[in-house]
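Please find below my notes on the model, set out as numbered points for your consideration.

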Amino acid sequence: MSESYAFIGLGHLGGNLAASLVRNGFAVTVFDRDPAAVERLVALGATSANSPAEASAQAGNAVTCLPSPKVSEAVLADPGGLLAGLPKGGTWIEMSTNGRDEIVRLAALASAKGVETLECPVTGGVHLAAAGKITALVGGDAALYEHHRAAIEAMCARSFLMGPVGSAAVIKVITNMLAFIHLVAAGEALMLAKQGGLDLAQSYHAIVASSGNSFVHETESQLVLNGSYDIGFTMDLALKDLGFALGMGRDFGVPLKLASRVNAIFEQGKQAYGGGAWSTQIVKLLEDAVGTDLRAAGFPAKLAMSKTN
């Protein structure tokens, strides 16, 4: 018999992950501050609860996908939070992006209540989460990972056990740092093509077939060329992750010159367009500076949910 799970945090990413659990036959109890998000999951077959504590008490295990370590801690440890409902021997699967120190500290709070923790941040983007094709980066006990592997694989096409709790936070921050660096670089490449008189659609495809290709170019450049920028991920979230990377650089004694420069560019982007603007709009800074846009016909406003990498 498969495990049951509470799922707390039904935003762009979490809503898709929870839906994959439901579609794959798991009993899922959901809670979110947005009633419409809860209703969407209930329509798919989930049940709803009035608090994280109630949801986790019903399910015995809990999954969270939340926007910041502060919110994760509140959902975990505040009155009415997960630790008020999870039984001893239950598991908390944290799919939010945290710094290493944060997830280690939060896992210790759970452990003091007899609750085990798996950190399980994901990478690949909301469109892959919607198709159940996103990648999970796991930190925690190997036996605990195996115990919950069916649920993780219901949500994610691939998963990598990176080591003890804290390990997945490091690799997740690394992958996001690379993605933001690649995004800024892709924008500069496309602008060089535009100002060099090249056809932007043909340039996009040539880069895809080149040694300079990246997953970010293949996916997010399409949203720039369409003009929607709609990646489902904000400037504020990008700056949160870049902040984690720069903190790790200081802690580990690694000078992160590219990440530092990209962080400064994203600070400019937030100042120009607001923290709630899509992270892909970072390329608009370059468009505004040059005085031209990067548009080409034939590119989608949103990434196809069937897209794989």
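**Notes on helix 9 and the nonpolar cores**

1. Ala193 counts as buried because its relative accessibility is 8%, where buried means under 20% relative accessible area, computed with a 1.4 Å probe on protein chains only. The model is predicted, so local features need pLDDT of at least 70 and side-chain atom pairs count only at pLDDT 80 or more, whereas totals for chains, interfaces and linings use all residues. Residues are numbered from 1 along each chain as its sequence is written, and side-chain values use heavy atoms, with hydrogens and water left out.

2. Ala193 is found in helix 9, helices being DSSP runs of H or I with at least four residues, numbered from the N terminus. Helix 9 covers residues 167-195, and its 29 residues reach 43 Å from first C-alpha to last, close to the 42 Å expected, a span defined as 1.5 Å times one less than the number of residues. Gly197, which follows helix 9, has a positive phi near 85 degrees.

3. Leaving aside neighbours within four places in sequence, Ala193 is in contact (heavy atoms within 4.5 Å) with Leu198, Leu200 and Ser203. The C-alpha atoms of Ala193 and Tyr204 are separated by 9.2 Å, the two residues being eleven apart along the chain.

4. The largest nonpolar core, a set of buried Ala, Val, Leu, Ile, Met, Phe, Trp, Tyr and Cys residues joined through side-chain atoms within 4.5 Å, has 37 residues, and Leu200 is among those with the most contacts inside it. Helix 9 gives the most to this core, with eleven residues. Apart from it lies another core, of 34 residues, including Phe7 and Val138.

Methods
Helix = DSSP H or I, 4+ residues; strand = E, 2+ residues; numbered from the N terminus. Buried < 20%, exposed > 50% of the residue type's maximum accessible area, 1.4 Å probe, protein only.
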